[in-house]
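Q: Please take a close look at one part of this model, the pairing of charged side chains. Then follow the connections outward and describe what surrounds that part.

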Amino acid sequence: MRSRLLLLLTVLLATVLLALGIPLATSQASTEQQRVVVDRIDDTARFASLAQFAAGLSPDGDGAADPLGTLQEELRRYHEVYGIKAGVFQRDGEPMAVAPVGWAAPRGEEDGDAFAEALAGRRSRGPGQVWPWDDERTLVVASPVIRDGDVIAVVVTESPTGPLRSRILSGWLPIGYGLAAAMLLALAAAHQLTGWILRPVRVLDRATHEISTGRMTARVAPGGGPPELKRLARSFNEMADHVEEILEQQRAFVADASHQLRNPLAALLLRIELLGLDLPEGSAEFASVQAEGKRLARVLDDLLDLALAEHTAADLRLTDVAALVAERIGSWRPVAGRGGVVLRQAGAGAVTGWADPVALSSALDAVIDNALKFTPFGGEVTVTVTAEGDRVTIETADTGRGLDDEELERIGDRFWRAGRHQNVAGSGLGLSIVHVLLAAGGATIAYAHNQPHGLRVLVSVPRHAPEVSPQRRPAPAAG
């Protein structure tokens with residue numbers, strides 16, 4: 001967002017500076033050219049006054065050599081000193097005196113207009129603007145020679161524009177440097193401005209992300225920024241407080257209800273046991289009631305575990321994930337053996353990641369327990385540890401029946417169980433508890449089909465210390 005805002009401000013600032021700089025550069029070029037044109041007009045006026053005496057005279061007539069010769073000498077010296085071509089031409093364009101010798105008056109479209117204006121008794125208005133890149137342009141100025149109210153000749157000068165173009169370019173350099181310096185200052189100011197505006201947005205975004213990942217204690221610290229964003233930060237903190245309070249009340253209710261129901265349920269189960277002593281041995285109704293009571297007790301225990309998991313902060317530390325997986329597999333191998341299932345470990349032998357060892361152990365217990373329950377006799381459960389990029393993945397793959405696509409989308413929902421698994425012991429909360437335990441430490445859990453059949457459960461933990469809020473800093477590495 002900052003880059004887009006900076007790009008927009010940069011375009012606006014560049015547009016403003018160009019809108020100021022282009023007219024300034026144009027004005028500077030026009031001023032330089034006008035200075036040269038005025039100077040050439042003064043020169044043509046001087047030559048026109050000399051030409052008044054020489055016009056109409058022949059070099060062979062009495063006294064005619066002095067005025068015409070003087071004019072020719074003035075034009076020659078003028079050309080030698082300044083490098084400017086100059087001449088006096090009759091109305092039909094025939095030269096009276098020119099320097100250098102043989103030079104003819106320019107009669108191009110623009111230059112012809114200057115000559116025609118002079119014939120009409122007006123000084124030329126000057127040529128169009130000369131720019132530094134006009135290498136072949138010359139500056140032509142014409143003035144009429146008037147005697148007794150009539151135009152008898154025209155004085156024309158043709159100046160090279162090299163020095164003029166150099167002066168224009170030299171005048172543009174300070175303007176360019178000034179615009180560049182102004183642009184740099186404006187960019188620095190825009191960078192600071194966008195940082196000041198967006199700093200509260202970044203803090204708010206970080207706090208929102210932390211809350212979305214389960215860190216409900218994250219808040220936006222008071223800081224700078226526009227008043228509207230300060231007010232938004234205060235409103236966000238108030239909303240977060242309210243949501244945290246509601247969730248805390250919900251957790252407390254679930255925990256209290258689960259805890260308070262355990263004692264009456266335990267007493268009820270005891271009474272059922274006592275009543276069972278008076279019933280015939282092998283009563284199906286008694287066995288059904290007893291099984292439902294035990295199932296209800298498991299549900300209450302799982303609800304209490306879920307409430308505690310949602311309330312407990314993760315104790316993150318650098319953990320040997322591969323060693324932890326090997327330990328849990330060793331604990332579950334006897335259970336797998338009784339069910340005729342092969343439980344084995346694959347992948348890396350030593351991989352570290354940042355996790356809560358207790359929470360990760362509980363999650364692995366739940367995942368392996370599920371895999372063993374739904375893998376038939378003679379099947380296989382493989383737990384593979386891999387490290388890729390900045391994540392460590394623990395994949396638990398079984399060779400059971402697996403789930404279809406619709407069931408795969410619902411797995412992990414609270415109290416959800418596949419229809420064909422209703423007779424398998426469980427409350428439908430195990431994987432929900434796993435998700436809460438992992439999310440508290442920045443880990444994730446995902447599900448996929450195993451080939452050719454079965455289910456793959458992917459638990460992923462970060463390899464490096466995650467960025468967390470100050471209220472929930474990771475614990476130092478164990479050992």
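A: **The charged pairs and their surroundings**

R167 and E32 form a salt bridge in which the closest N and O atoms are 3.3 Å apart. R167 belongs to helix 4 and E32 to helix 1, so the bridge ties together parts of the chain separated by 135 residues in sequence. The model is a predicted one, and every value here is to be read as a property of that prediction. The two partners differ in exposure: R167 is partly exposed, at 38% relative accessible area, while E32 is buried because its 14% falls under the 20% limit. In general, side chains of opposite charge can pair when their charged atoms come close. Over the whole structure, the search returns 14 salt bridges.

Helix 4 also supplies R165, which forms a salt bridge with D135; here the closest N and O atoms are 3.4 Å apart. This pair also links distant parts of the chain, since R165 is in helix 4 and D135 sits in the loop between helix 3 and strand 3, 30 residues apart. R165 is buried, with 15% relative accessibility. D135 is exposed, at 58%, so it lies over the 50% limit.

Another salt bridge joins E327 to R328, with 3.6 Å between the closest N and O atoms. E327 is partly exposed, with a relative accessible area of 47%, and R328 is buried at 15%. Salt bridges with shared partners also join E32, R35 and R167 into one network, which includes both residues of the R167–E32 pair.

**Aromatic pairs**

Helices 1 and 4 each contribute to aromatic pairs as well. The count of such pairs is 6. The ring centres of F47 and Y78 are 5.1 Å apart and their planes meet at 80°, so this pair is edge-to-face. F47 is in helix 1 (residues 2–54) and Y78 in helix 2 (residues 65–82), which puts them 31 residues apart. F47 is buried, with a relative accessible area of 0%, and Y78 is buried too, at 4%. The second pair, W133 with W172, is tilted, with 6.1 Å from centre to centre and 45° between the planes. It connects the loop between helix 3 (109–119) and strand 3, where W133 lies, to W172 in helix 4 (residues 162–212), 39 residues away. W133 is exposed at 56% relative accessibility, whereas W172 is buried at 19%. Ring pairs also link F47, Y78 and Y82 into a cluster.

**The sheets**

An open sheet of 4 strands runs in the order 2-1-4-3, with antiparallel pairing. Strand 2 (95–99) and strand 3 (138–147) are at its edges; each has a single partner strand, so one side of each lacks a neighbour in the sheet. From one strand to the next, the twist averages 15°. Strand 1 (residues 85–90) and strand 4 (residues 150–160) run antiparallel and are joined by 6 bridges. V88 stands opposite V155 of strand 4.

Another open sheet has 5 strands in the order 6-8-9-11-10, and its pairing is mixed. Its edges are strand 6 (342–347) and strand 10 (444–449), each with a single partner strand, so one side of each is left without a neighbour in the sheet. Here the twist averages 20° between successive strands. Strand 9 (residues 391–398) pairs with strand 11 (residues 455–462) in the antiparallel sense, over 7 bridges. R391 is opposite P462 in strand 11.

Helix 7 (residues 321–338) lies across strand 6, strand 8 (380–388), strand 9 and strand 11, at about 165° to strand 6. Helix 8 (residues 357–373) packs on the sheet too, touching strands 6, 8, 9, 10 and 11, and its direction makes about 25° with that of strand 9.

**Confidence**

The protein has a mean pLDDT of 79, with 82% of its residues at 70 or more. In residues 57–65 the pLDDT is below 50, and this stretch has 7 contacts in the model beyond near neighbours in sequence. Residues 468–479 likewise stay under 50, with 25 contacts beyond four places in sequence. Where pLDDT is low, the predicted coordinates should not be read in detail.

Definitions and conventions:
Residues are numbered from 1 along each chain as its sequence is written. Side-chain values use heavy atoms; hydrogens and water are left out. pLDDT is the predictor's confidence in each residue, from 0 to 100. Contact means heavy atoms within 4.5 Å. Two strands pair if DSSP finds at least two bridges between them. Helices (H or I, at least four residues) and strands (E, at least two) are DSSP runs, numbered from the N terminus. Axes are lines fitted to C-alpha atoms, for helices over the stretch in contact, and angles run from 0 to 180 degrees between N-to-C directions. Rings of Phe, Tyr and Trp (its six-membered ring) pair if their centres lie within 6.5 Å; planes under 30 degrees apart count as stacked, over 60 as edge-to-face and the rest as tilted. Buried means under 20% relative accessible area, exposed over 50%, partly exposed in between (1.4 Å probe, protein chains only). A salt bridge is a side-chain nitrogen of Lys or Arg within 4 Å of a carboxyl oxygen of Asp or Glu.
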